[in-house]
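Reader: I should be grateful for a close look at one part of this structure, with each term explained as it arises. Please then follow the surroundings of that part outward.

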Amino acid sequence: MSKARLEAFSDGVIAILITIMVLELHAPEHATWAALIPLWPVFLSYVLSFVFLGIYWNNHHHLLQAIKHVDGRVLWANMHLLLWLSLIPFVTAWMGQNRFDAQPVALYGVVLLLSGAAYFILTRALLALHGQSSVLAIALGRDFKGKISAVIYLAIPLSLVASWMACALYVLVAIMWLVPDRRIEKTLVS
């Protein structure tokens, strides 16, 4: 079956998730710069999550450019990814409203870890469908960034001791992935 419907649906879901997150940014009651200061944790949470959703959207787009079609297994793997991504607005709001306290930061990390695992499962479903000699398989290679990200997320328990360190690690993962996955672009051009 065609990949177009899966791509359009995923794009729509991610757009809705970003919209939900921005609706959590409430304007202060007073029209002063000082009134904005208490909102910094909510805003920083929003920016970090916006970046993560942007990373997933970009890499999902690149992933789908490297394939020809999808099957039921791929559709469900994609829904699994969207399930975890759909929790990002909730954990973003909880983390921001609680000023990066330990438990919200830990849950944020768990959702990021499970989103990454779901993305990995989606790539494996696509590889199973298209084969190890496909453009996608060649482009993905050893997936070094994916493996490093998973290792960094294993530091989630660190958030219970020093939530700022866990947040720094989440930012590190975002920085690693900020540039879209060029392996697929390079393979498609070749």
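Reader: At 4% relative accessibility, does H60 count as buried or exposed?

Author: H60 counts as buried, with a relative accessibility of 4%; buried means under 20% relative accessible area, exposed over 50%, and partly exposed in between, computed with a 1.4 Å probe on protein chains only. This is a predicted model, in which local features need pLDDT of at least 70 and side-chain atom pairs count only at pLDDT 80 or more, whereas totals for chains, interfaces and linings use all residues. Residues are numbered from 1 along each chain as its sequence is written, and side-chain values use heavy atoms, with hydrogens and water left out.

H60 belongs to helix α2, where helices (H or I, at least four residues) are DSSP runs numbered from the N terminus. Apart from neighbours within four places in sequence, H60 is in contact with L6, S10, N78, L81, Y119 and L122; contact means heavy atoms within 4.5 Å. Two of these partners, N78 and L81, are among the buried residues of helix α3, and that helix deserves attention next.

The buried residues of α3 are V74, A77, N78, L81, L82 and L85. They cover an arc of only 145° around the axis, which puts them on the same side of α3; the arc is that of the directions from the helix axis to the C-beta atoms. A general rule of geometry is useful here: an α-helix has 3.6 residues a turn, so residues three or four places apart point the same way. The buried residues of α3 pack against α1 (4-23), α2, α4 (88-97) and α5 (102-130).

The length of α3 can also be checked. Helix α3 (residues 72-85) has 14 residues, which at 1.5 Å a residue should span 20 Å, and its end C-alpha atoms are indeed 20 Å apart; the expected span is 1.5 Å times one less than the number of residues. At the N-terminal end, D71 caps α3, with a side-chain oxygen 3.2 Å from the backbone nitrogen of R73.

L82 is also located in helix α3 and counts as buried, at 6% relative accessibility. With neighbours within four places in sequence left aside, L82 is in contact with F9, S10 and V13. S10 thus appears among the contacts of L82 and among those of H60.

The helix of H60 also holds a pair of aromatic rings. A search of the whole structure finds 6 aromatic pairs. In one, the rings of Y46 and F50 have their centres 5.9 Å apart and their planes at 45°, so the pair is tilted; rings of Phe, Tyr and Trp (its six-membered ring) pair if their centres lie within 6.5 Å, and planes under 30 degrees apart count as stacked, over 60 as edge-to-face and the rest as tilted. Both residues lie in helix α2 (residues 40-65), 4 residues apart, about one turn of the helix. Y46 is buried, with a relative accessible area of 14%, whereas F50 is partly exposed, at 37%.

The rings of Y153 and Y170 lie with their centres 6.3 Å apart and their planes at 50°, so this pair is tilted. Y153 lies in helix α7 (residues 144-153) and Y170 in helix α8 (residues 163-178), so the pair ties together parts that are 17 residues apart in sequence. Both Y153 and Y170 are buried, and ring pairs link them with Y108 into a cluster.

Helix α8 can be described in the manner of α3. Its 16 residues should span 22 Å at 1.5 Å a residue, which agrees with the 22 Å between its end C-alpha atoms. S163, A166, C167, Y170, V173, A174 and W177 are buried in α8. They cover an arc of only 115° around the axis, which puts them on the same side of α8. The face turned away from this buried side carries the exposed residues W164 and I175. The buried residues of α8 pack against α2, α5 and α7, and α2 is the helix in which H60 lies. In addition, the charged end of K145 sits over the ring of W177, 4.5 Å from its centre; a charge sits over a ring if NZ of Lys or CZ of Arg is within 6 Å of the ring centre and within 35 degrees of the ring normal.

Note on methods. Helix = DSSP H or I, 4+ residues; strand = E, 2+ residues; numbered from the N terminus. Polar contact = N/O pair within 3.5 Å; in protein donor to acceptor, adjacent residues only side chain to side chain.
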